[in-house]
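Have the model open in a viewer with the residue selection tool at hand. The stops below can be taken in order.

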Amino acid sequence: SESNLHIVVVGAGQAGADCVNALRQQGFAGRLSLIGDEPRLPYRRPPLSKACLLGQAGVDSLGLRSAAAWEKLDVEMRMGQSVEHLDRAARQLQLLDGSRLDYDRLVLATGSRARRWTLPGGDRSNVHTLRSIDDLQRLLPAWQAGRRLVVIGGGYIGLEVAAAASQHGLKVTVVENQPRLLARVAVPLLSDFYLQLHQDHGVEFELGQGVAHLLGEPEVTAVELSDGRQLECDLVVVGIGSLPNTSLASESGLEVNDGIVVDAGMQTSDPAVWAIGDCCRHFNTFYQARMRMESVPAAQEQAKVAAATILGKAPPAHAVPWFWSDQYDVKLQMIGQPVAEAELVVRGDPAGGDFSLCQVQQGIIVAAATLNRTQEFVALRRLVGERIAVDAVALADPELALKSLLPSAV
Ligand code: FAD
């Protein structure tokens, strides 16, 4: 029976930590190991680009659970240990210290890593990425009012860093090679809103501009743009996306395609191996398509789904994906994936920073975003997630309570 199994989870981030917890909650009483290469207990990453940079949270406050709570879960924790090789035929892992560990069921939860600036200058000590507590601790000494910061990349992490920096008194320029911010993930109205919000806080932008060179030695002193202009700077933060950590899977012959390929139950083609979180490309039952997601809610959900299927239960369905971002005093919550062709319904006044956006297609809200409207977020998650029919004209009425569109509770 399952209680004789040894389940090993590799990667002690959000997904790995949630998975061992879910296995215990779902009744697994056997041997459970969690291996992570960072030398600390599992922690939350979102505050790294928010509260931590604003000086409002120390790294000690980021833990997902206390040492005592980990004790209680009865998990063999090997922190500061990296898994170097996976031998699927022998069902065995090789760790960096040379030791070996046998498993009956394996969960790969290795996350993703920040994409680095690979052109000359990217390895200078004042060029940063932000993925881990170590990265934050390298950045903080330079995080001083009056310093000139260039952020490369106008995605969520780049913009959160820019917001925190300008609030902290740094002089910030964001360089983005697309003509608008958040180009891949947000509708143009939202891009415009964030551009204005940042400009109101003194952040400068170079949109539609590539970076040609990072100049200066031993530290970067200027960023040269593709049109030849140079931006002088004291430090650079690179926020140009991330790459899934898939080497254990690929070297052991598992299918990898921008993520470790798994089914709706988070299982690979090897019946003893699962993959969850940022590192995987899963079959999402809400969208009926394979996709890779990089968010805390996705990691949490996938951890629970994997725990269920490891224990022989049917995989629960995936909910509509959602995501949040905090910049200045604006909380953004996004539901579903933006659809280019959909009709856009705006609720409230974008200029006031208190509004919602609904994308309507064939009488259904296919994606939505709320800004400082948490109550509407709760209703919209159901409207999108349950594909509830709505009238676009009625939806635009700011007096309409979105809750009233939900089927009444029985
Ligand atoms: P991770 O949390 O990256 O954990 C993977 C762990 O595995 C890491 O500790 C890694 O070092 C370890 N590992 C890798 N390979 C090995 C190996 N071979 N052996 C041992 N250990 C290994 N999401 C949101 O929803 N909202 C936000 O506002 C938000 N903000 C973010 C801000 C920042 C700065 C960052 C970096 C991310 C943010 N995210 C946010 C994304 C979210 O943090 C990730 O989607 C989530 O952490 C994914 O969890 P994971 O467990 O898959 O990966």
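A disulfide is taken here as a pair of cysteine sulfur atoms within 2.5 Å. By that criterion, the structure, which is a predicted model, holds 0 disulfides. Select cysteine 52: with 5% relative accessibility it counts as buried, because the cut-off for buried is under 20%. Cysteine 358, at 0%, counts as buried too.

**Stop 1: helix H1**

Select residues 14-25, which form helix H1. A rise of 1.5 Å a residue predicts a span of 16 Å for these 12 residues, and the end C-alpha atoms are 16 Å apart, so the two values agree. Is this helix enclosed or open? Of the 12 residues of H1, 11 are buried, so the helix is largely enclosed by the rest of the structure. The buried set runs through Gln14, Ala15, Gly16, Ala17, Asp18, Cys19, Val20, Asn21, Ala22, Leu23 and Arg24. To see what they pack against, display strand E1 (6-10), strand E2 (31-36), helix H2 (67-73), strand E7 (105-108) and helix H7 (296-310). After H1 comes glycine 27, with a positive phi near 100°.

**Stop 2: the nonpolar cores**

Stay on H1 and pick leucine 23. Leaving out residues up to four places away in sequence, leucine 23 touches Ile7, Phe28, Leu32, Ala307, Ile310 and Leu311. Leu23 is also among the residues with the most contacts inside the largest nonpolar core, together with Leu93, Leu106, Leu108 and Ile276. That core has 49 residues. Apart from it lies another core, of 44 residues, including Val151, Val203, Phe205 and Tyr328. In soluble globular proteins, nonpolar side chains tend to be buried together.

**Stop 3: the ligand**

Centre the view on the ligand and show its surroundings. Which residues come nearest to the ligand? Among the 32 residues around it, they are Asp37, Glu38, Arg45, Lys50 and Arg131. Three distances can be checked here. A polar side-chain atom of arginine 131 is 2.7 Å from a ligand oxygen atom. Alanine 15, one of the buried residues of H1, has a backbone N or O atom 2.8 Å from an oxygen atom of the ligand. At valine 83, a polar backbone atom lies 2.9 Å from a nitrogen atom of the ligand.

**Stop 4: leucine 254**

Go to the loop between helix H6 (247-251) and strand E18 (260-261), where leucine 254 is placed. Its relative accessible area is 5%, so leucine 254 is buried. Beyond its neighbours within four places in sequence, leucine 254 is in contact with Arg88, Leu108, Ala249, Thr268, Ser269, Asp270 and Val273. One of these, Leu108, was named above for its contacts in the largest core. Now draw a distance from leucine 254 to leucine 235: they are 19 residues apart along the chain, and their C-alpha atoms are separated by 40 Å.

**Stop 5: helix H5**

Select residues 188-200 for helix H5, which has 13 residues. From its first C-alpha to its last, H5 reaches 18 Å, close to the 18 Å expected at 1.5 Å a residue. Its buried residues are Leu190, Ser191, Phe193, Tyr194, Leu195, Leu197 and His198. The elements covering them include helix H4 (156-167), strand E12 (204-207), strand E22 (322-327), strand E23 (330-335), strand E25 (354-361) and strand E26 (364-371). Glycine 202, just after H5, has a positive phi of about 90°.

**Stop 6: backbone details**

Proline 218 is in the loop between strand E13 (211-215) and strand E14 (222-225). The peptide bond leading to it from glutamate 217 is cis, with omega near 0°. Next, select glutamine 362, in the loop between E25 and E26. Glutamine 362 is not a glycine, yet its phi is positive, about 50°. Is the residue buried or exposed? Glutamine 362 is exposed, with a relative accessible area of 81%. Asparagine 372, in the loop between E26 and helix H8 (374-385), has a positive phi as well, near 55°. With a relative accessible area of 36%, asparagine 372 is partly exposed.

**Stop 7: helix H8**

End on H8, where Glu376, Phe377, Ala379, Leu380, Leu383 and Val384 are buried. They pack against E22, E23, strand E24 (343-349), E25 and E26. Just after H8, arginine 387 takes a positive phi of about 50°.

Definitions and conventions:
Residues numbered from 1 in each chain as written. Predicted model: local features only at pLDDT ≥ 70, side-chain atom pairs only at ≥ 80, totals over all residues. Heavy atoms only, no water. Helix = DSSP H or I, 4+ residues; strand = E, 2+ residues; numbered from the N terminus. Expected span 1.5 Å × (residues − 1). Buried < 20%, exposed > 50% of the residue type's maximum accessible area, 1.4 Å probe, protein only. Contact = heavy atoms within 4.5 Å. Core = buried A, V, L, I, M, F, W, Y, C linked by side-chain atoms within 4.5 Å. Near = heavy atom within 4 Å. Polar contact = N/O pair within 3.5 Å; in protein donor to acceptor, adjacent residues only side chain to side chain.
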